[in-house]
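Dear colleague,

Please find below the sequence and structure that I am handing over to you. My notes on what was found follow directly after.

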Amino acid sequence: MSAFWGVVRRDLLIARRQGGSSLLAVGFFVVVAALFPFAVGADPATLRGVAPGVIWVSALLATLLSLDRLFQADFEDGSLDVLALSPLPLFMTVLAKVLAHWLVVGLPLVIAAPLVGVLLNLPLAAFPVLLGAALLGTPALSLIGAIGAALTAGVRRGGVLVPLLVLPLYIPTLIFGVAATAAAADGLPVAEPLMLLASLTLMALVVAPVASAGALRLALG
Amino acid sequence: MGAHAAYVWSAYAAAGLILPVMALASLLRLRGALRRQAALEADLDAMRADGDG
Amino acid sequence: MSNPAPTGLAVDDLSCRRGDHEVFAGLSCGAEAGGALVLRGPNGAGKSSLLRVLAGFIPPSAGTVRWKGEDIGDDPGAHRAVLHYVGHLDPLKPVLSAAENLTALARLMGGQILVVEALERFGIAHLRDLPVRFLSAGQRRRLNLARLVATPRPLWLLDEPTVALDARATAELEQLIADHRAAGGVVVAATHIGIEIPGAAVVELAGRRRRAA
Amino acid sequence: MTVMSGWHRFANPTRFSRLSARILPWTLALTLVLFAAGLYLALVASPPDARQGETVRIMYLHVPAAWMALFVYVLLAVFSGMGYIWKHPLADIAAKNCAPIGAGFTLLALVTGSLWGAPMWGTWWEWGDARLTSFLILFFLYLGYIALWQVFEDPEKAARAAAILAMVGLINIPVIHFSVQWWHTLHQPASVFRAGGPTIDSSMLWPLFVMLGAFKAYFVTVLLWRIRAEVAERRVRALQMMQAEA
């Protein structure tokens, strides 16, 4: 297992040294969310209504933006060959890289979500559920995103394709994430959407590493 | 009733557009590919005929 | 041709396709433990492709590659653990220091990690804490090659290892290869510039003249 | 596996061309006959619905199109799987050429679906209808699949990448449909437009089956044309390469 944590620590060290990737993701997340009051009007009632949806769409786009760094950098400098020679099976290496990506991008988004909630007049009652749902949902965004990133890793200008490949697969996570947050805002029961969100993430945990590993082998060959 | 008929006709018009266009496009693609293939086969045979083969 | 040696690498009637054109076909060669193969041929002749097939990155379109008698396709996990593959690119992160890069690479490969010895062997121990973006191409190449020492593995696949190396570093590499072979390792190297690998079997790869079957 | 060995007999393209050349005239004739009969039954020989009136005739287009849209995606995922596992070039070519036809069917299903529902919903695009929304997402899956084929130069890699996407997509189709359905009941508990549509009495079954048959025959015909075109195009590329070599 030390090879697994080796990959995680390596990616975290690189991200920390390069700096900015978390800041970039959170910054983008807040900016996109802050656009909506100009678009739908600043009336607190309307904002309150769209807040859950805007928070989740902005978080989803922020994750999408950060995906091309997941495998492209390692493909370009030949590190992918080294990763493929590690005793760790490729899908575990993918899992380790996704975990590192989530810690660098996903977690900061979760932490910043309440801030955006305040911006959009989300009722205070919804904040705990927003955090819970974000913790459950953002890993699925990183995992499903990894499939798109791996499929286009070895391809010139492949990154342009990732949103088209990945966004349709994000829709279930978006639906249940927003539903849980909106239910909490209205004081309705949240158990069902949260459980469904968790089951999606578990499914992604099983499917995404295997699919991504298969796709990375193309970039190697 | 008349208003509904407009919906029906536009639905069938849509089908009458999408399906034939898709079929035609595929047919033209096939014809073009077969013609290009035939031309190239001819060139290669010609080259083989006069070249040392 | 040396018969397939159970103690080393045996390539039997190997062919490789990339996309819809064939890179090479019907290739047979081998090297017992302590032996070496030098790949010669013009660019695009398939030297790199052959090395990537031997590394298991590309599945052969025909023929077999055996390491110690076992077909490398049978247990890719096991085969991964026996080889080093050093390609054209140096898998080094500019933001990390030389020691950090080497440690990360060694930890990825698992097993023993001899970072200090590796740096010293390549005479770049004094650069250990310098971020790699300050290193010259030659120094980066030596750092990349240092992983051969940092995590000892029997089979070395080297693609143009002497690129960006000066005469002294090339001599060090030759000595390293000789020591590795003496210890029973096998080295397969694709090279242009003159590197002395005494007693190595030469494999000549023709250019793109070969046509798809 | 008899199916597989049977399939292998059609493996090499020339045998496929000979076979497809033999059955194509039949499938084309069948398509034209079935569409003629279907249109007659749908537009002339069947009664308007008691409640919906004439717009029920759109169902004879929408249901077959929607069914084929889903059927073709499953088929292309199966072909992709066969190509991925048994490295079967013809399966890859078939999967690649299913996609545009499937996308066409999905587009037709979306257009006819909104035309069918419009009188009731009062809008052209009713997000509330779970089925229609699922087909919009299925359309995106088709676009992604088609686009992925374009970005690879090497056809073998393109086939394997597209196969992975198709299989992931296939797993997600029920998940997406369930989520959209769940989301739909969230917003509109009582929906008049039930997924299955009004109960269909027997007089309407005939046009539906005939039209479905017409769509299937159409699909086989166009797919065979496209596969023959792709086989010829790959032959052309091989010949061009030979020319460059000679």
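A residue is called buried here when its relative accessible area is under 20%. D:Tyr142, with a relative accessible area of 0%, is therefore buried. Please bear in mind that this is a predicted model.

**Aromatic pairs**

D:Tyr142 is a suitable place to begin. Its ring forms an aromatic pair with that of D:Tyr73; the arrangement is edge-to-face, with 5.4 Å from centre to centre and 80 degrees between the planes. The two tyrosines come from distant parts of the chain, D:Tyr73 from helix H3 (residues 56-86) and D:Tyr142 from helix H5 (residues 130-151) of chain D, 69 residues apart. D:Tyr73 has a relative accessible area of 1%, so this partner is buried as well.

Over all chains, the count of aromatic pairs comes to 12. Another of them is formed by D:Phe35 and D:Phe215, whose ring centres are 5.7 Å apart; because their planes stand at 55 degrees, the pair is tilted. This pair also links distant parts of the chain: D:Phe35 belongs to helix H2 (residues 13-44) of chain D and D:Phe215 to helix H7 (residues 202-245) of chain D, with these positions 180 residues apart. Both D:Phe35 and D:Phe215 are buried. They also belong to a cluster linked by ring pairs, in which D:Trp67, D:Phe71, D:Phe105, D:Tyr218 and D:Phe219 take part too.

Two charged side chains should be mentioned alongside these rings. D:Lys216 lies over the face of D:Phe71, a member of the cluster, at 4.0 Å from the ring centre. D:Arg160 lies over the face of D:Tyr84, at 4.1 Å from the ring centre.

**Cavities**

Rolling a probe the size of a water molecule over the atoms shows where empty space is left. The structure holds six cavities of 30 Å³ or more.

The largest cavity has a volume of about 130 Å³. Its lining consists of 13 residues, and those closest to its centre are A:Ile144, A:Leu169, A:Met203, A:Ala204 and D:Asn172. At least two lining residues each are supplied by helix H7 (127-151), helix H8 (162-185) and helix H9 (191-220) of chain A, and by helix H6 (155-187) of chain D. H9(A) gives the most, with five residues. In character, the lining has 11 nonpolar residues, two polar and no charged.

The second largest cavity contains about 50 Å³ of space. From chain A, the residues lining this cavity are A:Leu164, A:Leu165, A:Pro168 and A:Leu169; from chain D, they are D:Tyr73, D:Phe140, D:Leu141, D:Gly144, D:Leu165 and D:Gly169. D:Tyr73, already described as a partner of D:Tyr142, is thus mentioned again in this lining. Two or more lining residues come from each of H8 of chain A and H5 and H6 of chain D. H8(A) provides the largest share, four residues. Eight of the lining residues are nonpolar, two are polar and none is charged.

**Salt bridges**

Over all chains, the structure holds 19 salt bridges. In one of them, A:Asp11 is bound to A:Lys97, and the closest N and O atoms are 2.6 Å apart. The pair links distant parts of the chain, from A:Asp11 in helix H1 (residues 2-18) to A:Lys97 in helix H6 (residues 90-119) of chain A, 86 residues apart. A:Asp11 has a relative accessibility of 13% and so counts as buried; A:Lys97 is buried too, with a relative accessible area of 4%.

A second salt bridge is formed by A:Arg17 and C:Glu100, the closest N and O atoms being 2.5 Å apart. This pair crosses between chains, from helix H1 of chain A to helix H3 (residues 98-109) of chain C. A:Arg17 counts as partly exposed, at 40% relative accessibility, and C:Glu100 is likewise partly exposed, at 23%.

A further salt bridge connects C:Lys93 with A:Asp77, at 2.8 Å between the closest N and O atoms. C:Lys93 lies in the loop between strand S6 (83-86) and H3 of chain C, and A:Asp77 in the loop between helix H4 (72-76) and helix H5 (79-84) of chain A, so the pair joins two chains. C:Lys93 and A:Asp77 are both buried. Through shared partners, salt bridges join A:Arg10, A:Asp11, A:Asp74, A:Asp77, A:Lys97 and C:Lys93 into one network.

With kind regards

Note on methods: Residues numbered from 1 in each chain as written. Chains lettered and ligands numbered in written order. Predicted model: local features only at pLDDT ≥ 70, side-chain atom pairs only at ≥ 80, totals over all residues. Heavy atoms only, no water. Phe/Tyr/Trp six-rings, centres within 6.5 Å; stacked < 30°, edge-to-face > 60°. Buried < 20%, exposed > 50% of the residue type's maximum accessible area, 1.4 Å probe, protein only. Lys NZ or Arg CZ within 6 Å of the ring centre and 35° of its normal. 1 Å grid on protein atoms, 1.4 Å probe; cavity = no way out; pocket = protein on both sides within 12 Å on 5 of 7 lines; lining within 4 Å. Points joined across faces, edges and corners; volume = space filled by probe spheres on them. Nonpolar A, V, L, I, M, F, W, Y, C, P; charged D, E, K, R; others polar. Salt bridge = Lys/Arg side-chain N within 4 Å of Asp/Glu carboxyl O.
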